Amino acid sequence: IPVASVPATARLIVDSVTFDPNPVSSRTSTISVRVKVKDTRGYVVRDALVFLRSTPILTSAAPRGKTEQDGTVTYTIQPRADFPLRDGYSVQFFVKAYRAGDNPLAGVSGTRLVQVKTAR
């Protein structure tokens, strides 16, 4: 469904986030991040805006993107020189899906904290 059809009583859900590669073992190769958004009724949502950022900032900034017909958006990001490559370590990412024009504090949105493993 289009994000405009999500009622104010529903919320967006960051349903899944996948990383390729996983684990990340290089600072010179890009990372592909795929985010899927649904609403609380279970419908995949297209045209939702998605914000993605590592916390702390250890990768290039991903532009805000819109979900496609299947509810997904894919980003290509680059690890920075300080991206930690250690066995048994993870880097966290904050993900927010939201509807353009809504109040950022009270609008239709959803957030999720996810992580990707790293390796030497």
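**Exercise 1. Pairing around S6**

Work out in which sense S3 and S6 pair, and over how many bridges.

*Solution.* Start with the ground rules. This is a predicted model, in which local features need pLDDT of at least 70, side-chain atom pairs count only at pLDDT 80 or more, and totals for chains, interfaces and linings use all residues. Residues are numbered from 1 along each chain as its sequence is written, and side-chain values use heavy atoms, with hydrogens and water left out.

- Step 1: S3 and S6 run antiparallel and share seven bridges. A strand here is a DSSP run of E with at least two residues, numbered from the N terminus, and two strands pair if DSSP finds at least two bridges between them.
- Step 2: pick out a bridge. Arg-53 has Phe-94 of S6 as its partner.
- Step 3: turn to S7 (residues 109–118), which pairs with S6 in the antiparallel sense over 10 bridges. There, Phe-93 is matched with Val-114 of S7.
- Step 4: check the cover. Seven of the 10 residues in S6 (89–98) are buried, where buried means under 20% relative accessible area, exposed over 50% and partly exposed in between (1.4 Å probe, protein chains only).

**Exercise 2. The three-stranded sheet**

Find the strand order of the open sheet that contains S1, and name its edge strands.

*Solution.*

- Step 1: the order is S1-S2-S5, with antiparallel pairing.
- Step 2: S1 and S5 each pair on one side only, which makes them the edges.
- Step 3: from one strand to the next, the twist averages 20°. For angles like this, axes are lines fitted to C-alpha atoms, and values run from 0 to 180 degrees between N-to-C directions.
- Step 4: zoom in on S1 and S2, which share eight bridges. Val-14 sits opposite Val-37 of S2.

**Exercise 3. An aromatic pair**

Classify the ring pair made by Phe-19 and Phe-93, and say why it links distant parts of the sequence.

*Solution.*

- Step 1: the whole structure holds two aromatic pairs. Rings of Phe, Tyr and Trp (its six-membered ring) pair if their centres lie within 6.5 Å; planes under 30 degrees apart are stacked, over 60 edge-to-face, and the rest tilted.
- Step 2: Phe-19 and Phe-93 have centres 5.2 Å apart and planes at 45°, so the pair is tilted.
- Step 3: Phe-19 is in S1 and Phe-93 in S6, so the pair ties together parts 74 residues apart in sequence.
- Step 4: both Phe-19 and Phe-93 are buried.

**Exercise 4. A loop residue under cover**

Decide whether Thr-59 is buried or exposed, and list what it touches.

*Solution.*

- Step 1: Thr-59 belongs to the loop between S3 (49–55) and S4 (65–66).
- Step 2: its relative accessible area is 5%, so Thr-59 is buried.
- Step 3: leaving out residues up to four places away in sequence, Thr-59 touches Ser-54, Ile-77, Gln-78, Pro-79, Arg-80, Phe-83 and Phe-93. A contact is heavy atoms within 4.5 Å.

**Exercise 5. Backbone oddities**

Locate two cis peptide bonds and a positive phi.

*Solution.*

- Step 1: recall that most residues other than glycine have a negative phi, and most peptide bonds are trans.
- Step 2: the bond from Asp-20 to Pro-21 is cis, with omega near 5°, and the bond from Asn-22 to Pro-23 is cis too, with omega near 10°.
- Step 3: place the prolines. Pro-21 is in the loop between S1 and S2, and Pro-23 lies in the loop between S1 and S2 as well.
- Step 4: Asp-47 is not a glycine, yet its phi is positive at about 70°. Asp-47 lies in the loop between S2 and S3.

Terms used. Helices (H or I, at least four residues) and strands (E, at least two) are DSSP runs, numbered from the N terminus.
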